[in-house]
Amino acid sequence: MPENNSVENGRCDNINPCGYCQATKSLRLYPTQSIFGDNFRINRYLSCNAVFPAPRPTPKQLEIAYDDSYYGQGQQKFTTYIETVLDWFRQGRARRVGRYVKPPVKVLDIGCGNWLHLDPPRHLFFIGAADLISKMKDFGFVLAKQRHLSLEQNPFGFQQSLLNCVLSKRDVLFESLKNNDTYTKQHSRFSILLQKLFYVVTFGLFVLLAAIEASLKKGGTIEMIFKKQNS
Ligand SMILES: [Zn+2]
């Protein structure tokens, strides 16, 4: 299949059938690049509004994206300090889910090992809130709770995105927090130090921005809790 079959004023692609609706026609939104240097476009299917990286990442690209450097060394992905903070967020998620289930239960946190929003080529589908609620209803689930403020994801997402705009490689700060020296070695220790200082010094400002975003229901992360109907 041709990879780039342009239609509609050259702004649409006709590739990669959607995993949900099987449609192929999608609108090009903007170009992006993975940390491995592969180029993608971010497209939106015209039929169902799902957003995805096009062309779809190959099995080889995904294999590289999930190599040992993704998971980190040993039991921990990040430094102990960051893992402690992340554990606090994970426990918060478990507590929120726990309000909707009867004890004794165990909550299993699956998926999304990264902070990062777009994170090409790892994130394959992005579905809008209204579309997800509608799709879940088809499966018999109703929305019980919705949050737009994620202090775990959104302030850092702002900060890393800004750094990506000015640095030659994306996600250098994030990879440095994972001690991924192979990826960050092109950046001097001084550059990494400056990025970490930027992260710490401006964090409060981006918390404020994230709170404003959340009040407008425009945050980069939406947390939803669904309940099975009649359960
Ligand atoms: Zn679709």
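In this predicted model, confidence varies from element to element: helix 2, covering residues 68-71, has the lowest mean pLDDT among the elements of the protein chain, at 76, whereas helix 8, covering residues 189-215, has the highest, at 96. The pLDDT falls below 50 over residues 1-7, a stretch that nevertheless has 10 contacts in the model beyond near neighbours in sequence. For the protein chain as a whole the mean pLDDT is 87, with 91% of the residues reaching 70 or more.

The protein chain contains 8 helices and 6 strands, and these follow one another along the sequence in the pattern β-β-β-β-α-α-α-α-β-α-α-α-α-β. Its radius of gyration is 19 Å, close to the 17 Å that the globule rule gives for 231 residues, so the protein chain is as compact as a globular protein of that length. Taken along the principal axes, the C-alpha atoms fill a box of roughly 50 × 50 × 35 Å. Of the contacts between residues at least 6 apart in sequence, 61% join residues that are at least 24 apart, and buried residues make up 17% of the 231 residues in the protein chain.

The sequence pattern opens with four strands, and their pairing can be followed one step at a time. Strand 1 (residues 12-14) pairs with strand 2 in the antiparallel sense over 3 bridges, and within this pairing cysteine 12 stands opposite leucine 27 of strand 2. The loop between strand 1 and strand 2 holds glutamine 22, which has a positive phi of about 70° although it is not a glycine. Glutamine 22 counts as exposed because it has 10 C-beta neighbours inside 10 Å, where the cut-off for an exposed residue is 12 or fewer.

Strand 2 (residues 25-33) in turn pairs with strand 3 (residues 39-45), again in the antiparallel sense, over 7 bridges. Two of the facing positions are proline 31, which stands opposite arginine 41 in strand 3, and threonine 32, whose bridge partner in strand 3 is phenylalanine 40. The hairpin of strand 2 and strand 3 has 5 residues between the strands, and glycine 37 takes a positive phi near 90° in this hairpin. Strand 3 also pairs with strand 4 (residues 51-54) in the antiparallel sense, over 4 bridges, with isoleucine 42 standing opposite proline 53 in strand 4. Here too the two strands form a hairpin with 5 residues between them, and asparagine 49 in the turn has a positive phi of about 70°.

Beyond strand 4, the backbone has a cis peptide bond that joins alanine 54 and proline 55, with omega about -10°; proline 55 has its place in the loop between strand 4 and helix 1 (59-65). Another cis peptide bond runs from proline 120 to proline 121, with omega near 5°, and proline 121 belongs to the loop between helix 3 (80-98) and helix 4 (129-138).

The interior can be approached through its nonpolar cores. The largest of them has 7 residues, namely Trp115, Leu116, Phe156, Val172, Leu173, Phe174 and Leu177, and helix 6 (residues 172-177) gives the most to this core, with 4 residues. Leaving aside neighbours within four places in sequence, leucine 116 is in contact with Gly157, Gln160, Asp171 and Phe174. A second, separate core has 5 residues, including Tyr45, Ala50, Phe52 and Ala54.

Helix 5 (residues 154-166) supplies several further buried positions: Asn154, Pro155, Phe156, Gly157, Phe158, Gln159 and Gln160 are buried in this helix. The buried residues of helix 5 pack against helix 6 and helix 8. Helix 5 has 13 residues and reaches 19 Å from its first C-alpha to its last, close to the 18 Å expected at 1.5 Å a residue.

Towards the end of the chain, the loop between helix 8 and strand 6 (223-228) contains lysine 217, which has a positive phi of about 60° although it is not a glycine. With 11 C-beta neighbours inside 10 Å, lysine 217 counts as exposed.

How values were computed. Residues numbered from 1 in each chain as written. Predicted model: local features only at pLDDT ≥ 70, side-chain atom pairs only at ≥ 80, totals over all residues. pLDDT = per-residue confidence, 0-100. Contact = placed C-beta atoms within 7 Å. Core = buried A, V, L, I, M, F, W, Y, C linked by C-beta atoms within 7 Å. Buried ≥ 20, exposed ≤ 12 C-beta atoms within 10 Å, placed from the backbone. Pairing = 2+ DSSP bridges. Expected span 1.5 Å × (residues − 1). Rg over C-alpha atoms; globule rule 2.2 N^0.38 Å.
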